[in-house]
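Student: Hey, can we go through this protein together? I'd like to start with its pockets.
Tutor: Sure, let's pull it up.

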Amino acid sequence: MPEKPVVHSGRSSARAAKDIRDGIAARELWGHLGWQDIKQRYRRSVIGPLWITMSMGVTAAGLGFLYSQLFGIEVDTFLPYLTVGFIVWGFILGCLTEGSDAFISNEGLIKHLPAPLTVYALRTVWRQTLMLLHNMLVYVVVLVLFFGSISKSGYVLSPGGVGQPGLSWTVLLAIPAFVALALNGAWVTLLFGIISTRYRDIPQVINALTQLLFYATPIVWPVDILTQKLGPGDWKHLIVELNPLYHFIQVLRAPLIGSEQSWHHWVVVGVITVVGWTLAFAAMRNYRSRVSYWV
């Protein structure tokens, strides 16, 4: 009697799904490893992880005052805009650059510790989350200093710009916005981490592209500047709208500074989340077992 054919794809998909489930369940492991990364980075430092906060504060203050003068913008409203943009960008940048190196840098653990690959991806995302929480202290200081300006209904980010509603209960939307950001950080780390173990040039390409993406994303300049400097025209806004990072930054920045909420940002983020996790799962299904050999 002939044997039944073995369906490898189903078992591979099951193993990939199990890896993700087991990785999420091992929160004590990736939580401890991520926290140890922060402690190790600032070992024997006097103020420790507060260097993260100080660095962000100095950068935001310096560039905030500089660009507010260059663009002729009120620093009271521009500094909160730039500060939150920098904080969110730091999280995204960390997931892209350190995520692409997640499995390579954990070569020793992958070869000797029988843990799901997802653990190392979540370790990276958790480390970036801890750094973001440290940086949020800068946001609290800026919020205290400029609360009167950004809580006022109708304030503008640039002269002649669109009036903003001001801070309100919609600040709570920052919670699901960060959850969406973390979910995308996880698939980015899984997908690019696996690809980078096979093609070691990928981390260098990502590092080079992030420099361009930073200046092409409305972080240190408001979107209204495009219309004011280049004149009216829908095609100018496409320069921003076609940049996916803009939507990720805006879903978290808008509620934190009382800016106008646009639900199309959430739609774009939702679509990218689904597509990204589909690609990451496909990579896990097909190449998860090869990562330990590639590293």
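Tutor: One bit of vocabulary to begin with: Ala, Val, Leu, Ile, Met, Phe, Trp, Tyr, Cys and Pro count as nonpolar, Asp, Glu, Lys and Arg as charged, and the others, Gly among them, as polar. Keep in mind, too, that this is a predicted model.

Student: Okay, so how do the residues lining the largest pocket divide up?
Tutor: There are 15 nonpolar and four polar ones, and no charged ones.

Student: How much space lies in that largest pocket?
Tutor: About 420 Å³. Of the 19 residues lining the pocket, Ile92, Leu96, Val188, Phe192 and Leu245 are the closest to its centre.

Student: Which elements give two or more residues to that lining?
Tutor: Four helices are listed: H4 (75–100), H8 (174–198), H9 (202–216) and H12 (244–257). H8 gives the most, with six residues.

Student: Switching topic: where is arginine 41 found?
Tutor: In helix H2, which covers residues 27–41.

Student: Is arginine 41 buried, exposed or partly exposed?
Tutor: Its relative accessible area is 41%. Buried means under 20% and exposed means over 50%, so arginine 41 falls in between and counts as partly exposed.

Student: And what is arginine 41 in contact with, leaving aside its neighbours within four places in sequence?
Tutor: Glu98, Arg127 and Met131.

Student: Last one: what is the mean pLDDT of the chain?
Tutor: The mean is 86, and 91% of the residues reach 70 or more. Over residues 1–10, though, pLDDT stays under 50.

Note on methods. Residues numbered from 1 in each chain as written. Predicted model: local features only at pLDDT ≥ 70, side-chain atom pairs only at ≥ 80, totals over all residues. Heavy atoms only, no water. pLDDT = per-residue confidence, 0-100. Contact = heavy atoms within 4.5 Å. 1 Å grid on protein atoms, 1.4 Å probe; cavity = no way out; pocket = protein on both sides within 12 Å on 5 of 7 lines; lining within 4 Å. Points joined across faces, edges and corners; volume = space filled by probe spheres on them. Buried < 20%, exposed > 50% of the residue type's maximum accessible area, 1.4 Å probe, protein only.
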